[in-house]
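Welcome, and thanks for taking a look at this one. Here is a short tour of its sheets, cores and backbone details.

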Amino acid sequence: MSATNSGWTTPLSSSSTLSTPGSPRLLKAADLSPYRNPRVHASALIEYIASRQSKSSSVYVYDVAEQVGFGTLTKEWAKEANESAKVIDLQTRAGAGLSLVGRLSQGTSRDAAQGTILTAYTTPSGLASMAPSFAYLPDALPTRKLVVQVPTATPLGKALTLSPSLSPLASIWSIFPKNVAILLSSTPQQAIDFATLAYHIVDAHVVHLFDHHSASRETGHSIAPLSIPDTAQLSIQDAVKQAGYSFFEYHGSQDATTAVVLLNGPFALTLKAAVINGTSQLGVVIVNVYRPWDDVALEEIIPTSVKVVHVLEEVQNSGSQGTLYVDVFGALWSNSPRRIIASHILPHQVLQITTTPKALLDLVQNITRIQIQEPTNPSIKKLLFFNIPRSPLSVLPTFLENLFASKTGIQTRLLTDHDVFSKPGGIASSRLLISRSNTERPIPATLPIEHSSPGHSDFLAILDQSLLKTHSILQHAKAGSIILITSAWSNEELLSNLPEGALSLILERNLSLFSIDVKSIATNIAGASGPIRNAVQSLLAEFAFLRLYLGSLASEGSILQLAKGSFGDEIEGIPLAKISAQAWSGLRAVVFPNKIDQEIDAPPPVLRNFEPNAIAVEIDESSTVVNGARLSSWHDAAKHLLFPSIYSPPREEVEDSLFPHNPALRPEVPDKTFLVTCTVNKRLTPLEYDRNVFHLEFDTAGTGLKYAIGEALGIHGWNDEQEVLEFCEWYGVDNSRLITIPLPSDETRVHTRTVMQALQQQVDIFGKPPKSFYTDLAEYATSQVDQYALRFIGSPEGAVTFKKLAEKDTVTFADILKMYPSARPGIERLCEMIEDIKPRHYSIASAQSVVGDRVDLLVVTVDWFTPSGSPRYGQCTRYLAGLKIGQKVTVSIKPSVMKLPPNLKQPLIMAGLGTGAAPFRAFLQHLAWRASEGDEIGPVYYYFGSRYQGAEYLYGEEIEAFILGGIITRAGLAFSRDGPKKVYIQHKMLEDSEALAKMLHDDNGVFYLCGPTWPVPDVYEALVNALVKYKGSKPTQAGEYLESLKEEERYVLEVY
């Protein structure tokens, strides 16, 4: 397989400077909220919540918690002494909870009278040691309470492989006193919600267990704060309900005959995913609140069709009777006739289920006798990286996560684990998932690293060649996938170092291997070892990855432009183009022999499996804590070079002191915005004509707005006022009510607006809903019919219905809410669920060198009728068409590919259709001005197309003046419906084929096309024919020549 045909289609574009995952420690200087920050994982956010003085008087960090990477950040924040609670280190031993009891008990603690909320961090093993002490806890009060945050990461087996197992608690569940509530969460958002709830529950002490093994350590989730007042004091029933949860949740068919009950956690999520898209015979009941136990709630949630209930829980041995079974049996035995069966997960099975998620489904299938299909999602791309901790390439997975996440509509999730026992110095694995939709299934269940793996990764990167000889890594590559190896070995050396059986595996699975020697190349570029060379190595690996991942979509130029968007033109004086060229030439396909040599001279080495047994916590830019031990390395200095915006001291932005940016104009908009005034709004087409094309002029005096030739103006338009008022009345919400919603430009910040302001200026309530909206909205439907309909449309099976609604009926968010009226989220939640109004960009139709403090636009109104006869309008063109003289408009500037060449003598060929004439008006204005200043300009061929000359010869008088003035050398005007035969711009271009071929081939000319996409193939064919006819090129050569002009910015398309 060649390097240019090895990838799959994926959206990717230039992004802003990217950074490594944020740790809340990085928030200290800016004092920003860590919410809605995909770089902050849930476990770090739980520490942030628990360690605030507003939540905890003191935080007790037990050693076992820090050994699994929980508590380190809290201790670091406490050193800053800002808003962090006091931290006390404790050892885990028998009676470990007595010190906490003493602090809370009246008469034995000086804090008791003043009131104290204590937080403790421990693991399931530590909680088992503490639990007997809880019998002595005093009753919980609003000012006296214990909260225990329990990261579920339990070492199992000889390799101490970490697992989300709760087996240490199997024997002590029954001894928890009635004044202790037990909450269990699984997803990152639920973990944060329950961690927050723990401090608002006033009638019980709280133990919260969350999935620190995987889900809560994944980056890529945008986690919202729980919408509950800081001063709220609630019973556990009210708290859980107010947060939108219940003690139990049921998933599966309402006609199921068998149900499985289990505690919430990653195992529950795996089973939930299987039954949602699988059999109708099986349902799953997930326990969110284990204590207090609610018999009535359990009975109500299980469908009456269920006749057999399996209680699936971890126990110490097969003869044990689990506490959960006792609770379920007590709740259900006296009601409708049901068989209640105890189904055990034994200690030896836990490890297998952890590393091989299918083992859980097989177990449930065996006990229920119901066929279960493993959930699959082909749209998820699964990337797997193996590396040595703290190597120069360790930053690569994080960079790629941020790179993909910068694309709208792309979801990324990253999880990094370490194995510190199987290799001196350790080995790290990073699992990166890329998809277009959110999925709750934990990363280890989606991309397992299992023994004897059949292959799950779509892309496997081995970033240290020595791992090939020590670990069984190649087995994780899916059949037909790509493997990238950073290696100094030649092709022959690499083949000789492959372990026994590897070559057979590669050929059997049709794997494509590529290698690149990033270290040697970086040494040639940057010299001796050090942070600069390390940074270059990372960039080389990045270039190699993108080339392979994008496959036929990749070109050296496009990937270089992508990198420049992130890092600029150079890094520490080294041009990025040089690094790109070296990466491009240094990437080699590994060539395999046709025949496998079966001779073995020595016993093959025993390859080890990767066992995740350590969690690393990055506490600052150069220091890492692993299992409680602090590690440092100068390798981390490379991050300063790759990610200066995060790791360098903040610098004040240089800004025009005369025209400082005013973020109050549109605080939700990330771009620099300007407030301009409409001075002209003139219709150019006749009133009786079916198209409203109009010309706008805005006064920019006093705003500081500057724009270059060919740039675009971003219009931050508003929704129609009357439509918003009508929607508010229908939805039953006061349009003057104040609400607090996140800023889309920075989801760590919020702002307060009236409902009217939010729906008119920010929220795209009349926009097109994506498929995910239907699924999200289904959660709020009180009618089962509405709920099922919404879930169906949001499911893969509902693709046809969704397409009809989106493309034929062109429904809006408001339409969907009216179609399914029982689904009514609160107005603040609704605003969060709906995308924000995006600025619409229009090519600027003026040259500032000519018009001064003014900017002109050429716009056509977009409107249509739905199949039901309802009128529809383009949101922004409707807004612009209705502008009154003197009305203020918020705008921003966007760069464009439409640029004049540096040499005015170069021939210019401009082709515009309809409003595509806008940028060429700016070009011609500027060229006329330069000519009037005495500058020599080259030939200008201007092609324009529309339907009727009498109605749509846009800026016709000006064009005629430019022709008479000699600015336009030749005009090809095509009015398709004025004559008996339709004539388009490509026909006019064919008339000038010889001149066009000479300008493009011999005279360094530049060709521009602006307008709709439909004429692109015909225009392209016209130019190819010109080159074939007059320059002797073959059609393929002519096509390749035109493609090469794109790289030189001499064949420029701006089509829509």
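Let us begin with one residue pair: Val680 has Glu697 of β28 as its bridge partner. The model is a predicted one, so please read the points below in that light. They start from this pair's sheet and then move on to a buried strand, the nonpolar cores, some backbone angles and the cysteines.

**The sheet around β27 and β28**

- Strand β27, residues 674–683, and strand β28, residues 693–699, are antiparallel partners joined over six bridges.
- Both strands belong to an open sheet of six, whose order is β32-β29-β36-β27-β28-β33 with antiparallel pairing.
- At the edges are β32 (840–843) and β33 (854–860), each of which pairs on one side only.
- On average, neighbouring strands here are turned by 40° against each other, with direction ignored.
- Helix α33 (residues 918–932) packs on this sheet and touches β28, β32 and β33; the direction of α33 makes about 145° with that of β33.
- As general background, strands of a sheet pair through backbone hydrogen bonds, in either a parallel or an antiparallel way.

**Strand β4 and its partners**

- How many of the eight residues of strand β4 are buried? Eight of the eight are, so β4 (residues 144–151) is largely enclosed by the rest of the structure.
- Arg144, Leu146, Val148 and Val150 point one way from β4, while Lys145, Val147, Gln149 and Pro151 point the other way; all of them are buried, charged residues of the list included.
- Strand β3 (residues 116–121) pairs with β4 in the parallel sense over six bridges, and Thr116 has Arg144 of β4 as its bridge partner.
- Together with helix α5 (residues 124–130), β3 and β4 make a right-handed β-α-β unit.
- Strand β8 (residues 205–210) also runs parallel to β4, joined to β4 by five bridges; here the partner of Val150 is Leu209 in β8.

**Nonpolar cores**

- The largest nonpolar core has 96 residues, and Phe176, Val207, Leu209 and Val328 touch the most other members.
- Helix α1 (residues 42–50) supplies the largest share of this core, with seven residues.
- Which residues does Val207 contact beyond its neighbours within four places in sequence? They are Leu127, Phe134, Val148, Val150, Phe176, Val180, Ala181, Ile182 and Leu183.
- A second core, separate from the largest, has 48 residues, among them Leu396, Leu403, Leu548 and Ala563.

**Backbone angles to check**

- Most residues other than glycine have a negative phi, and most peptide bonds are trans.
- The peptide bond from Arg291 to Pro292 is cis, its omega being near 0°; Pro292 sits in the loop between β12 (289–291) and α9 (295–301).
- Asn510 has a positive phi, near 55°, and belongs to the loop between α17 (502–508) and β20 (512–516). With a relative accessible area of 54%, Asn510 is exposed.
- Glu1049 has a positive phi too, near 60°, in the loop between α39 (1035–1047) and β41 (1051–1055). Glu1049 counts as exposed at 55% relative accessibility.

**Cysteines**

- With a disulfide taken as a pair of cysteine sulfur atoms within 2.5 Å, the count comes to zero.
- Cys876 is buried, with 2% relative accessible area, and Cys1010 counts as buried at 1%.

Methods:
Residues numbered from 1 in each chain as written. Predicted model: local features only at pLDDT ≥ 70, side-chain atom pairs only at ≥ 80, totals over all residues. Heavy atoms only, no water. Buried < 20%, exposed > 50% of the residue type's maximum accessible area, 1.4 Å probe, protein only. Pairing = 2+ DSSP bridges. Helix = DSSP H or I, 4+ residues; strand = E, 2+ residues; numbered from the N terminus. Axes fitted to C-alpha atoms, helices over the stretch in contact; angles between N-to-C directions. Contact = heavy atoms within 4.5 Å. Right-handed = clockwise from strand over helix to strand, strands pointing away. Core = buried A, V, L, I, M, F, W, Y, C linked by side-chain atoms within 4.5 Å.
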